[in-house]
Each structure stands twice: as C-alpha cells, then as structure tokens.
Amino acid sequence: MLIRGLVTEVDARKVGIIVSKSRTTVPALSGEQSLNRYLSEIKKYPVLTAEQEYMLAKRYQEHEDPEAASQLVSSHLRLVAKIAMGYRGYGLPVSDLISEGNVGLMQGVKKFEADRGFRLATYAMWWIKASMQEFILRSWSLVKMGTTAAQKKLFFNLRRMKKQLEAYEDTDLSPEDVTKIATDLGVPEQEVVNMNRRMMMGGDGSLNVPMRNGEDGSGEWQDWLTDDRPLQDETVADAEEANVRHEMLQEAMDSLNEREQHILTERRLTEKPQTLEELSQVYDVSRERIRQIEVRAFEKLQKAMQRIAGERLLPGVA
C-alpha cells in the first residue's frame, strides 16, 4: 500500500523510475499527524548546484543510475511540499497532495533532459502541479461534471479572483463580478455562476481544525503554516529561464535591420505600443507599409528564435 508522502518503491514503479535503496529513506507521511515532522526532515536534503544537478541527470539519463535518481528526487521534495501548500484551500489532506506531487516529481525526473539548458525545478514544477490538480479534480465530487480545459482553469482561479474583487466567499457573485471574471478567464458567465455555487457547497476547512490528539497535546492547522517566500532552487530556476529567454530574444533581434528592429519594438515589445499612423509619420510612408514591415520582421524574428533554440537546446540537430 502506498505510504502517503513517502518516495517509495511503489511510487517509483508508477512512473517506471528506479530509486536507490542505499540512502536513508525519506520520512513517511502517513497522515496529518506527521506533517510537521515530515517538513522538518526533508529540509535536511541539500539543494543541488546547477553542475551537480546536470551531472546527476546525465547519469540517470544515460545509465539509469538509481543513486542519481534518488538524489534528484530527494533534493526537490521541498518544492513538492511548497506547491502542495498552495492547494491546501481545497479541503484535501496536504499529505495526499504531497504524495501525488512526489509521483509527479518522479515523472519529471524520468523525462528531464539536462542538455536543454534549464533547471530540473523549472521542468518538474509542471509535472508536480499537474499531478496535484488531477488529484484534486478526481477528489472533488462537485467538479466531476466539468473536466474541460476552460472549467479546470476556472476552478483553479476562481478563489483568487474573488479575493481580488473582495467578493464574499460563501455568497453568489454580483453580476458585475461575474462579468469581470468571465471576461478575464475567457469563459461563459453561466459557467462562472455554476462553478462558484459548486465551490460554495464544498466550503473551506478552518485554520483551527485540530490536527492531532494524544499524549503530546493537540495542534491546529494554522500551526503547520509555512514560510511563503520562494524556495532558493525555484527562484534560481525562474531567474535562469528568464535570462535564457532574454538572451535568445536579443540574439534574434540582431537578424533584423535597424528599421525592422525599431518598428517591431515599438509595435510589440513596449508597454504602450505606437500606432501605425504614428510610425508612418516617422518614416514618411503609408500605414499599410508599416504593417507589412512589422509582419515581415515578426516572421524573421520567429525563424531566428527557432534556429537559436535549436542550436542551444538541441546542439547538432538544428
């Protein structure tokens, strides 16, 4: 039987990954009673440097080294716990969310390609979130009727948007709020009304719900709230990805001439784009001519980005 929150052999077999038994076993998480201890234990696993992560990923990719897989998984358990805390408002045990997230993490490790130039946290984060979201949707009987991409998007964004609009959690939305949410998420207004009523029926767990009872006393859910500041590996991964994208864009822009660069920048790469009329006056040509130059420049930029991405991420293939 699967022990919740533990990276076990059973978990590993789910995704076909081999995890070494030579290292100390990750602490078991059999329920909310051991959540605090589990979160403390996983902090003992060190954060890998980019070089260490790359070498371990290559060892697993090329040789299916179980020790390398173990180190990659254990070093990112804190990322799983961090993401799980973001979904605790859906009324499901955090231990179950962590367990599902650990399976997603191992799927990410199995499919990770270090040569693409990105960190494992950036890639595995999407596998972790997908596993947790699928688990939430399977567990919430209120949303089993809707499983389209639009309904999933609405389900996982409705609470946040209601908070931004300062709407009451357990009441129907005003017509103005319904229109605002439907427009921002690109879904029909009736879908917003229906989803809100389903989620109202589900309700949220109180922060004062008892988490344990025994000789050591009792605790409440709020006692297990964690620091919301980003994890170090998550911050580094986001920064590195942004730098790579920026460098690729700058290099691709060099393939354009000066006029194309200026027009494309003013039309698509600024917060307040200039109009065709304004640029036509700068270059003393028609608006249609400016539009043609913009389209041609954008097509050249796309081709250059694809070429650069191929050279950087798949060397020798492009």
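This passage describes the helices, contacts and selected residues of a predicted model.

The protein has 318 residues, and 41% of them are buried. Its secondary structure consists of 14 helices and two strands. Contacts were also grouped by separation along the chain. Among contacts with a separation of 6 or more, 63% join residues 24 or more positions apart.

Helix α4 spans residues 66-74 and is mostly covered. Eight of its nine residues are buried. These are Glu67, Ala68, Ala69, Ser70, Gln71, Leu72, Val73 and Ser74. The cover over the buried residues of α4 includes α3 (50-63), α5, α6 and α7. The loop between α3 and α4 contains Glu64. The phi angle of Glu64 is near 50 degrees, a positive value in a residue other than glycine.

Two of the elements covering α4, helices α5 and α7, also pack against each other. Helix α5 covers residues 77-86, and helix α7 covers residues 120-139. Their axes lie 10 Å apart, at an angle of about 45 degrees. Because of this angle, α5 is oblique to α7. The crossing of the two helices is right-handed. On the α5 side, the contact involves Leu79, Val80, Ile83 and Ala84. On the α7 side, it involves Ala121, Met125, Ile128, Lys129 and Met132. By class, this contact between α5 and α7 has eight nonpolar residues, no polar residues and one charged residue.

Helix α7 also packs with helix α11, which spans residues 232-253. Here the axes are 8 Å apart and the angle is about 105 degrees. An angle from 65 to 115 degrees counts as roughly perpendicular, so α7 is roughly perpendicular to α11. Ala121, Thr122 and Met125 form the α7 side of the contact. They meet Asp233, Glu234, Ala237, Asp238 and Glu241 in α11. By class, the contact of α7 with α11 has three nonpolar, one polar and four charged residues. Ala121 and Met125 of α7 thus appear in the contact with α5 and in the contact with α11.

Helix α7 also takes part in an aromatic pair. A pair of aromatic rings is described by the distance of the centres and the angle of the planes. The structure holds one such pair, formed by Phe112 and Tyr123. The ring centres are 6.0 Å apart, and the planes differ by 40 degrees. The pair is tilted. Phe112 sits in the loop between α6 (94-111) and α7, whereas Tyr123 is in helix α7. The two residues are eleven residues apart, and the pair links distant parts of the chain. Phe112 has 7% relative accessibility and therefore counts as buried. Tyr123 has 30% relative accessibility, so Tyr123 counts as partly exposed.

Further along the chain, helix α14 spans residues 287-313 and contains Glu294. Glu294 counts as buried because its relative accessibility is 7%. Leaving aside neighbours within four places in sequence, Glu294 is in contact with Ile263, Leu264, Arg267, Arg268 and Leu276. Asp284 lies in the loop between α13 (276-283) and α14. The phi angle of Asp284 is near 55 degrees, a positive value in a residue other than glycine. With 69% relative accessibility, Asp284 counts as exposed.

How values were computed: Residues numbered from 1 in each chain as written. Predicted model: local features only at pLDDT ≥ 70, side-chain atom pairs only at ≥ 80, totals over all residues. Heavy atoms only, no water. Axes fitted to C-alpha atoms, helices over the stretch in contact; angles between N-to-C directions. Helix = DSSP H or I, 4+ residues; strand = E, 2+ residues; numbered from the N terminus. Parallel < 35°, antiparallel > 145°, perpendicular 65-115°, else oblique. Left-handed = near helix turned anticlockwise from the far one by under 90°. Contact = heavy atoms within 4.5 Å. Nonpolar A, V, L, I, M, F, W, Y, C, P; charged D, E, K, R; others polar. Phe/Tyr/Trp six-rings, centres within 6.5 Å; stacked < 30°, edge-to-face > 60°. Buried < 20%, exposed > 50% of the residue type's maximum accessible area, 1.4 Å probe, protein only.
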